[in-house]
Amino acid sequence: MGLTIRPALGINLSSGYTHTQVSDENSGFSTNLFQIDLGLDFTPDISLSSNIQFDDISDVLGTNTRFRWIITPGTDIFLCITTIG
């Protein structure tokens, strides 16, 4: 299940929920994953996106932020920062 809101030009805010149930012959588990995404498009060539997610099995909050600059089509510069904890 997910929801995306675009309150203004160049701003995207999304949230999502995923329930997964896994089973095999000996055991099984289920998990819930919560995720929030924020996307900012400053220009058609420069953007910033951030993802925050949490699952209830590991009880860990993780984030990933990416800055993207398209110098020319096919030539991009990325800066990615990921944290888990």
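**View A. Strand 1 and its lack of cover in the predicted model.** Strand 1 is hardly covered. Among its seven residues, the count of buried residues is zero. The coordinates shown here and in the other views belong to a predicted model. One of the residues in strand 1 is Ile5. Ile5 counts as partly exposed because its relative accessibility is 42%, a value that falls between the 20% limit for buried and the 50% limit for exposed.

**View B. Pairing of strand 1 with strand 2 and the hairpin that links the two strands.** Strand 2 spans residues 11-23 and pairs with strand 1 in the antiparallel sense. Five bridges make up this pairing. Thr4 has Ser14, in strand 2, as its bridge partner. Two residues lie between the strands of the hairpin. In this hairpin, Gly10 adopts a positive phi near 90 degrees.

**View C. A nonpolar patch on the surface, with Ile5 among its members.** The patch covers about 580 Å². Its residues are Leu3, Ile5, Leu13, Ile36, Leu38, Ile52 and Leu61. At least two residues of the patch come from strand 1 (2-8), and at least two come from strand 3 (28-43). Ile5, a member of the patch, is located in strand 1. With a relative accessibility of 42%, Ile5 is partly exposed and therefore passes the requirement of over 30% relative accessible area for patch residues.

**View D. Surroundings of Thr31 in strand 3.** Thr31 is placed in strand 3. Its relative accessible area is 15%, so Thr31 is classed as buried, the limit being under 20%. The side chain of Thr31 forms a polar contact of 3.1 Å with the side chain of Asp56. Leaving aside residues up to four places away in sequence, Thr31 touches Thr18, His19, Thr20, Asp55, Asp56 and Ile57. Asp56 thus appears both in the polar contact and in the list of residues touched by Thr31.

**View E. The salt bridge of Arg68 and Asp76.** The side chains of Arg68 and Asp76 meet in a salt bridge, with an N to O distance of 2.6 Å. The count of salt bridges in the model is one. Arg68 has a relative accessibility of 26% and therefore counts as partly exposed. Asp76, with a relative accessible area of 27%, is likewise partly exposed.

Notes:
Residues are numbered from 1 along each chain as its sequence is written. This is a predicted model: local features need pLDDT of at least 70, side-chain atom pairs count only at pLDDT 80 or more; totals for chains, interfaces and linings use all residues. Side-chain values use heavy atoms; hydrogens and water are left out. Patches are made of residues with over 30% relative accessible area and no salt bridge: like charges are joined within 9 Å, nonpolar side chains (Val, Leu, Ile, Met, Phe, Trp, Tyr) within 5 Å. Accessible areas come from the Shrake-Rupley method with a 1.4 Å probe; for residues, only the protein chains shown count as cover. A salt bridge is a side-chain nitrogen of Lys or Arg within 4 Å of a carboxyl oxygen of Asp or Glu. Helices (H or I, at least four residues) and strands (E, at least two) are DSSP runs, numbered from the N terminus. Buried means under 20% relative accessible area, exposed over 50%, partly exposed in between (1.4 Å probe, protein chains only). Two strands pair if DSSP finds at least two bridges between them. A polar contact is a pair of N or O atoms within 3.5 Å; within protein, one must be able to donate a hydrogen and the other to accept it, and residues adjacent in sequence count only if both atoms are side-chain atoms. Contact means heavy atoms within 4.5 Å.
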